[in-house]
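Biologist: I'd like to go through this model with you and ask how each label was earned. Can you walk me through it?

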Amino acid sequence: MIDRKDLGSWMEGAPGDPGYVRGSALGLPADGPGAVAPIWRRLLTLIVDWALSVGIAMLLFNYHELAVLGTFVVLNLLCISLFGATPGQFLLRVRVLPVRGRSPMPLRALVRTVLILLIIPSVVWNRDAQPLQDVVAGTAVVQV
């Protein structure tokens, strides 16, 4: 018979491996260049990119809501496909790298961007500190 002490308490949190290093399942180093970018840095890159999109939409499209969204999509698709980083990611010294699969970077950028806009995939993370949009696209955001 299973006893409560065998299952643990919900207050202990999710089960985890104390020796596990974020990004090790992806073949990434534990720290330094190429390691998984911290969550705070990823959030700041999103804020910078959104602010840039708002600024461009204000200048070119009289701040139309769909123009902000369209500018954000185009900014992400072009910059990630061509340079591997958006302006916010470049500023905060992170970049997007493919970690599995063989699909071209523009397709990965499209998948990531669409899932970011859906918001829910952005708040679901795995133990490698990879949000769902990166898992689906086969990418990881790493430190430069």
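Modeller: Seven helices and two strands make up the secondary structure of the protein, and from the N terminus on the order is α-α-α-α-β-α-α-α-β. It's a predicted model, in which local features need pLDDT of at least 70 and side-chain atom pairs count only at pLDDT 80 or more, while totals for chains, interfaces and linings use all residues. Residues are numbered from 1 along each chain as its sequence is written, and side-chain values use heavy atoms, with hydrogens and water left out.

Biologist: What makes a stretch a helix or a strand here?

Modeller: Both are DSSP runs, numbered from the N terminus: H or I over at least four residues for a helix, E over at least two for a strand. Helix α1, for instance, covers residues 4-7.

Biologist: How confident is the predictor, and where is confidence lowest?

Modeller: The score is pLDDT, the predictor's confidence in each residue, from 0 to 100. The protein averages 90, and 89% of the residues score at least 70. Confidence is lowest in helix α1, at a mean of 58, and highest in helix α4 (residues 87-91), at 97. Where pLDDT is low, the predicted coordinates shouldn't be read in detail.

Biologist: Why is the D134 and R42 pair called a salt bridge?

Modeller: The rule asks for a side-chain nitrogen of Lys or Arg within 4 Å of a carboxyl oxygen of Asp or Glu. For D134 and R42 the N to O distance is 2.7 Å, so the pair passes. D134 lies in helix α7 (residues 132-137) and R42 in helix α2, so the bridge ties together parts that are 92 residues apart in sequence.

Biologist: What makes R112 a salt-bridge partner of D134?

Modeller: Their closest N and O atoms are 2.5 Å apart. R112 sits in helix α5 (residues 105-117) and D134 in helix α7, so this pair ties together parts that are 22 residues apart in sequence. A search of the whole structure finds two salt bridges, and R42, R112 and D134 are linked in a network.

Biologist: Are those charged residues buried or exposed, and how do you know?

Modeller: Buried means under 20% relative accessible area, exposed over 50%, and partly exposed in between, with a 1.4 Å probe and protein chains only. D134 is at 0%, so it counts as buried. R42, at 10%, is buried, and R112, at 3%, is buried too. Of the 144 residues of the protein, 34% count as buried.

Biologist: Which residues is R112 in contact with?

Modeller: Contact means heavy atoms within 4.5 Å. Leaving aside neighbours within four places in sequence, the contacts of R112 include R42, I80, V96, Q133 and D134.

Biologist: Why is L44 called partly exposed?

Modeller: L44 has 36% relative accessibility, so it falls in the in-between class. L44 lies in helix α2 (residues 39-61) and joins W40, L43, L46 and I47 in a nonpolar patch on the surface.

Biologist: What makes that a patch?

Modeller: Members need over 30% relative accessible area and no salt bridge; nonpolar side chains (Val, Leu, Ile, Met, Phe, Trp, Tyr) are joined within 5 Å, like charges within 9 Å. Together the five named residues have about 490 Å² of accessible area, computed by the Shrake-Rupley method with a 1.4 Å probe, where for residues only the protein chains shown count as cover.

Biologist: Where does UniProt place the feature "transmembrane region"?

Modeller: The unreviewed entry gives residues 43-61, 67-86 and 107-125. UniProt positions are in the numbering used here, feature names are shortened, and annotations may be inferred rather than shown by experiment. In the model, residues 43-61 are 100% helix, and residues 107-125 are 79% helix.
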